[in-house]
Each structure stands twice: as structure tokens, then as C-alpha cells.
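Me: I am new to this structure and would like a close look at a single part. Could you walk me through one helix and the pocket beside which you would place it?

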Amino acid sequence: MSLNIAIIGAGIGGLTTAHALLAEGLHPQVFERTDTGETAGAGIVLPANAMKVFKRLGLADEIIRAGNPIRVMRTCDRADRPLAAIDLARVSDEEDFRSVAIARPVLHGILRAALPDGILRYGKALTAIDRAGAQVHFSDGASALAELVIGADGLNSTVRRLAGLKGTRRDSGQWCFRGIADLALGDGPTDELRELWGRELRFGYVALGPGKTYWYATFSNLDALPDDTPAARQAFLRAAFAGWGGPVAALIEAQDPAAILLHRLADMAPARDWAAPGLVLLGDAIHPTTPNLGQGAAMAIESAAELAHQLGAHGNGAAALDLYVTRRRARTAHVTRSSWRLGRLANLRAGWACAARDMAFRIVPDAVSARTAQKIFLDGAPG
């Protein structure tokens with residue numbers, strides 16, 4: 001099928017969309033506003049539903065080799081006493097579909113390197129979309145044919161703004177620190193993602209490979225951070241997590257302060273309008289989610305697969321876009337709402353509420369937690 005497709009944004013969603021379209025016999029181009037496509041970032045955990053897509057695209061084996069397969073997701077209290085665990089074998093009985101922890105820049109590198117030459121074009125900041133003339137225009141004066149524009153350009157999507165599609169950003173009231181520490185987990189399990197929950201605080205960590213551990217920490221407020229410098233970030237973390245169990249203190253101390261990332265967590269209320277004639281959105285451009293379920297990138301990866309499938313089956317017409325939106329809107333809305341609720345639960349303020357939460361986790365059987373996770377990971381995911 002001859003169709004000029006312009007993907008705007010070379011993040012995980014945009015790059016996966018390019019791979020999925022190529023697998024359908026289509027020939028997209030990806031336009032990235034930055035000059036190199038290099039990405040900052042710490043780690044990411046790719047859950048079973050994301051790995052299922054990557055396996056179909058022939059990318060799973062390399063991702064597994066470059067990352068660290070995860071078999072257990074465990075929640076603990078601040079003293080590192082277990083509250084609940086999800087055995088990922090209960091979520092999926094297929095080995096390659098289990099979660100994989102990987103450094104985000106490494107994942108981006110794999111996705112970029114596996115694309116044929118000429119697909120990626122850097123330094124292309126979108127300025128206008130001419131749908132009547134089937135063209136996109138960029139800040140450097142260049143333009144390109146685009147019978148279909150796919151907006152994969154993030155929460156502050158230029159494509160969404162230029163198309164006049166509405167999206168309501170929601171501030172979660174939470175912040176997240178992230179980093180990759182040069183520290184092995186010692187005698188602890190390396191195939192486990194572990195989160196410690198406290199009052200308005202949460203700390204998670206997972207091994208990425210030999211001597212590297214990805215960690216993250218969420219807060220409901222940053223009143224105690226008087227200035228935002230690398231040293232202040234590390235000092236804040238050191239004070240906030242004083243006395244916590246497990247390797248929390250050691251990870252904070254092992255972290256290079258200059259590489260500590262800090263982001264305010266936000267999503268978008270589930271939106272109604274995802275597409276317009278000759279234009280469609282995916283990933284954070286239309287269904288961003290807070291990271292509490294670890295499903296933000298996975299939702300973009302799923303959407304990439306679904307959109308490519310519909311375009312391959314039905315061509316560039318309203319039927320393909322309508323089917324894509326119909327099959328993705330309810331699932332992504334469910335994940336967005338579930339992640340928002342989990343973020344509230346994890347960062348409770350009142351001590352009594354935290355105690356009740358922890359007790360409830362201890363009572364619920366792990367098999368029930370696994371069934372809940374399966375609904376998030378796989379139910380409704382592209383086949």
C-alpha cells in the first residue's frame with residue numbers, strides 16, 4: 001500500500017508505531033524535533049502487554065538481553081516488610097511476555113537502531129499541518145507529504161493543538177524523583193520489582209543488570225525542598241527516607257546527584273476526540289497516564305500495534321481510524337483511572353489510613369492481586 005504517513009515524535013510510542021507500520025507493509029517517516037533523538041531518562045519496566053507487542057515485532061529478544069526480566073512485583077511497608085506480591089507467572093504463562101526492566105535510553109537505542117535507514121528525521125519541529133494539501137511543515141522551512149499524520153508527541157502535543165483536539169491536563173499533586181544508581185542489590189533478589197510505601201512517600205527499585213539499579217520515589221509535596229540543585233535533591237531524599245528499610249539509603253547515597261531526575265506527575269482526563277480526517281493521536285498525546293501502574297509506555301505500545309493493524313487492514317480511511325479509537329479508548333481510560341486511584345492510595349497522608357491500607361494488602365490473597373494485574377496487563381490488549 002502506498003501511503004505517505006508522518007509520525008510526529010520519536011519517543012517509545014512513535015518508534016513502536018514505525019515498527020508496527022513497517023510490519024504491515026506500510027512506509028512511515030518519523031519526524032523528531034530534537035537534533036539527535038537521544039533521550040534522557042532513568043529506567044522503565046516493560047510489562048507483559050508491552051513485551052507481547054515487541055515479540056510480534058521481532059524486538060523482544062534484544063530487549064530481554066539488554067534488560068532484566070522481572071518475575072515478582074512486591075509491595076512492602078516502609079520497614080521493608082512484605083504486604084503483597086504478584087507472581088508474574090500467574091499473569092502470563094508465556095516466558096517472553098513477563099516484565100522486563102531496562103534503562104530508558106537503551107530501549108530507545110534498540111528501537112532506533114532496528115529501523116531502516118531514512119525512516120528517522122531529526123531537527124524537525126512541527127509548525128503546521130496542511131490537511132487539504134496533505135503536508136506537514138517544520139520550523140526549519142522543510143515540509144513533507146503526509147496523507148496521514150500520527151501525533152505521538154507527548155502530553156504537550158503540538159499535533160493535538162494544531163488539530164484543535166481537546167485534552168484536559170490533570171495535575172496529580174505528586175512529584176517523582178528517578179535515577180539509576182551504580183549499586184548492585186547484594187543478596188537481594190534481582191528479578192523482583194519492589195515498592196516500599198509510607199505516609200505521602202513511596203520508594204521503588206529494580207535491578208537493571210550487573211551493578212545498576214533503577215529507583216524512583218514519589219512525594220505528595222515538596223515543601224521541604226528549598227532550592228532545586230543536584231545536592232539539594234539528594235539531601236532531600238536522604239532526609240525524607242531516613243530510617244526506611246531495605247537498600248533505600250544505600251541507593252540514595254550511590255546515586256550521582258547530577259543525574260537525579262525530578263518530574264511533576266500529571267495525566268489527562270480520558271478524552272473523546274482522538275482523530276480528525278487525515279490525523280490521529282496515540283500515547284501521551286491523547287491517553288497519558290500517571291506511572292503508578294507502570295502502564296504509560298505500554299499503553300502507547302499497544303496503541304501503536306492496534307493503529308498499524310487497522311491501517312494495514314482497512315487503509316487510510318475513516319473506518320480504520322474509527323476502529324482504532326473504538327478499540328483503544330475504553331481500555332486506556334480504564335488504565336488511566338486505575339493508575340490515578342492507585343497513586344492516591346500509595347500516597348495517603350493520615351497515619352490511620354496508611355495502617356488500614358497496609359492491613360488490607362496483607363489480607364488480600366496474592367492470587368487475587370494477580371487476577372487484578374492480569375486485567376490491567378492483558379485483558380483488552382491487542383491480540
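Reply: Happy to help; here is a walk along helix H1 and then through the second largest pocket. This is a predicted model, in which local features need pLDDT of at least 70 and side-chain atom pairs count only at pLDDT 80 or more, while totals for chains, interfaces and linings use all residues. Residues are numbered from 1 along each chain as its sequence is written, and side-chain values use heavy atoms, with hydrogens and water left out.

Helix H1 covers residues 12-23 (helices are DSSP runs of H or I with at least four residues, numbered from the N terminus). Its 12 residues reach 17 Å from first C-alpha to last, close to the expected 16 Å (1.5 Å times one less than the number of residues). Of these 12 residues, 10 are buried, so H1 is largely enclosed by the rest of the structure (buried means under 20% relative accessible area with a 1.4 Å probe, protein chains only). Among the buried ones are Ile12, Leu15, His19 and Leu21. After H1 comes Gly25, with a positive phi near 85 degrees.

Now to the pocket (on a 1 Å grid over the protein atoms alone, an open set of points where a 1.4 Å probe fits, with protein on both sides within 12 Å along at least five of seven lines; lining residues have an atom within 4 Å of a point). The second largest pocket has 13 lining residues, with Glu24, Arg56, Ala305, Glu306 and His309 nearest its centre. H1, helix H2 (48-56) and helix H9 (296-314) each give two or more residues to this lining, and H9 gives the most, with 4.

How values were computed. Buried means under 20% relative accessible area, exposed over 50%, partly exposed in between (1.4 Å probe, protein chains only).
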